[in-house]
Amino acid sequence: MKIKQNYDLTKLNTFGISAKAKYFVEISKEKDLGDLFSSKEFKNNKKLFLGGGSNVLFTKDFDGIVVLNGLKGIEILKEDENSVFVKSASGEFWNDLVNFATDRGYWGIENLSLIPGTVGGAPIQNIGAYGTEVKDIIDSVEVYDSETGEKKVFQNSDCKFGYRDSIFKNKLKGKYFISAVIFKLSKIKNLNVKYKALKDYLENNKLEIKNSKDISNIVAQIRKSKLPDPKILGNAGSFFKNIYVDSAKLEELKRKYSDLPYFEEGEGVKIPAGWLIEKCGPANSGTSWKGYRIGNVGVYEKQALVLVNYGGATGEEVKNLVGQIIDSVFEKFGLKLVPEVNLI
Ligand code: FAD
Ligand code: EPU
């Protein structure tokens with residue numbers, strides 16, 4: 001474990017924003033955590049645990065210590081004829097875990113295929129896609145208290161999972177380092193194809209699903225057609241969360257906008273933020289944000305919820321665009337967009 005100084009983070013965030021960390025260290029063994037937590041660089045500075053950097057926006061250099069998670073290892077803890085408990089170290093890439101499970105025919109994780117980032121990043125915002133959220137398959141989360149070094153286990157219900165939310169993103173933000181996650185997967189065929197884009201794809205292509213790998217491949221296909229590949233165009237997925245509204249607000253919006261899309265989901269009725277953004281644009285321009293570019297940043301042409309870096313963008317540039325988008329949506333719809341991405 002070697003603590004470096006003035007470390008360039010450009011390649012460690014999928015937005016491709018250039019920023020430096022005052023101190024930087026990569027952890028590849030769990031036992032190094034003790035040394036790290038007692039080091040003066042860790043004790044005396046702000047800390048940032050970093051996985052795949054696919055849900056962060058560096059708005060400036062990080063004046064503290066960045067801890068890159070390199071903990072690896074996936075193992076089966078126990079199984080019976082119906083289910084299997086899989087433990088993954090938090091530094092494993094999420095999609096490697098998806099492949100581990102779908103290669104063995106396990107069900108439950110397949111709708112979450114191809115989401116970037118690490119296993120440790122997944123519980124932070126309760127990743128979700130195509131009708132599944134990671135809370136549906138998490139048994140427990142192993143963590144280290146970054147102040148005391150004490151190891152602790154959070155059961156699923158302790159994590160307070162919500163839509164793109166958990167206790168780790170919220171009340172206990174930054175307090176714990178997630179070292180491993182234990183998943184409960186099914187050995188019994190368990191199709192979840194209610195999500196419209198997935199359902200339509202299956203119907204249009206008249207596909208027969210034999211195993212979880214089939215779903216995994218289809219989800220990957222759909223995702224590739226909608227979302228930019230960060231290797232080609234810097235981005236952090238959806239920049240904002242979709243918005244839950246109460247029934248009074250829903251009725252008001254429906255009266256004004258007959259084409260308003262909305263979905264009844266989990267905690268209530270959700271309005272897709274991509275639609276709200278598409279319907280707004282730069283002040284007095286008469287054009288849509290969708291496909292808009294200013295300097296090195298812009299709104300992705302195929303998905304208005306995704307902000308992109310055309311190359312060389314600064315975090316400040318992205319932040320300025322974010323502010324303008326939030327203001328325009330609030331002015332038109334009276335709804336406040338909330339960033340999903342962690343602004344650092
Ligand atoms: P990072 O970006 O490295 O970190 C995110 C936050 O988690 C930070 O606050 C960080 O401090 C904290 N953190 C990370 N690891 C740990 C740890 N071990 N212990 C404690 N704190 C930690 N998300 C979805 O939910 N659904 C999607 O469909 C989806 N699609 C995406 C598509 C693209 C193209 C991109 C670029 C992103 C997408 N995302 C999606 C967002 C992102 O991939 C997920 O949020 C992912 O789980 C982030 O993991 P990460 O390892 O990259 O986290
Ligand atoms: N829409 C528009 N214009 C756009 C984009 C979307 O009008 O430019 C409307 C359409 O009505 C569309 C609806 O929004 O039917 C939903 O769009 P989509 O299916 O692309 O999903 P999303 O709500 O934009 C969410 C997640 C994604 C996840 C997909 C698939 C959030 C914030 N985003 O996007 O997660 O992959 O559903 O489940 O909940 C992420 O979190 O980073 C992410 C990519």
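A polar contact, in these legends, is a pair of N or O atoms within 3.5 Å. Keep in mind that the model is predicted.

**View 1. How the protein is divided.** Let's start with the layout: the protein splits into three pieces, namely domain 1 (4-69), domain 2 (74-186) and domain 3 (234-343). Pick out domain 1 and domain 3, and you'll find their centres, taken over C-alpha atoms, separated by 30 Å. Eleven residues from domain 1 and 17 residues from domain 3 take part in the contact.

**View 2. Where domain 1 meets domain 3.** About 1,100 Å² is buried between domain 1 and domain 3, and carbon and sulfur atoms give 57% of that area. Which three residues of domain 1 supply more of its buried area against domain 3 than any other three? They are Phe15, Asn55 and Leu57, which together supply 58% of what domain 1 buries there.

**View 3. Polar pairs between domain 1 and domain 3.** Go looking for salt bridges between these two domains and the count is zero. Polar contacts are another story: five residue pairs, both at pLDDT 80 or more, make them between domain 1 and domain 3. On the side of domain 1 that touches domain 3, there are six polar residues, five nonpolar ones and no charged ones.

**View 4. Around ligand 1.** Ligand 1 is surrounded by 34 residues, and the closest are Phe49, Gly51, Ser54, Thr118 and Arg223. Arg223 has a polar side-chain atom 2.8 Å from a nitrogen atom of ligand 1. Ile178 brings in its backbone instead, with an N or O atom 2.9 Å from a nitrogen atom of the ligand. As for Gln125, an N or O atom in its side chain is 2.8 Å from an oxygen atom of ligand 1. On its own, ligand 1 has 970 Å² of accessible area, and the protein covers 93% of it.

**View 5. Around ligand 2.** Here 22 residues surround the ligand, with Tyr130, Tyr163, Glu278, Gln303 and Glu340 the closest. Two side chains to look for are those of Tyr195 and Asn242: the Tyr195 side chain has an N or O atom 3.1 Å from an oxygen atom of ligand 2, while for Asn242 the distance from such a side-chain atom to a ligand oxygen is 2.9 Å. Does Ala304 use its backbone or its side chain to reach an oxygen atom of ligand 2? Its backbone: a polar atom there sits 2.8 Å from the ligand oxygen. The protein covers 82% of the 820 Å² of accessible area that ligand 2 has on its own.

Notes: Residues are numbered from 1 along each chain as its sequence is written. Chains are lettered from A and ligands numbered from 1 in the order in which they are written. This is a predicted model: local features need pLDDT of at least 70, side-chain atom pairs count only at pLDDT 80 or more; totals for chains, interfaces and linings use all residues. Side-chain values use heavy atoms; hydrogens and water are left out. Domain bounds come from an automatic or database domain assignment. Contact means heavy atoms within 4.5 Å. Buried area is the accessible area (1.4 Å probe) that two parts lose on being put together, summed over both. A salt bridge is a side-chain nitrogen of Lys or Arg within 4 Å of a carboxyl oxygen of Asp or Glu. A polar contact is a pair of N or O atoms within 3.5 Å; within protein, one must be able to donate a hydrogen and the other to accept it, and residues adjacent in sequence count only if both atoms are side-chain atoms. Ala, Val, Leu, Ile, Met, Phe, Trp, Tyr, Cys and Pro count as nonpolar, Asp, Glu, Lys and Arg as charged, and the others, Gly among them, as polar. A residue is near a molecule or strand if one of its heavy atoms lies within 4 Å of it. Accessible areas come from the Shrake-Rupley method with a 1.4 Å probe; for residues, only the protein chains shown count as cover.
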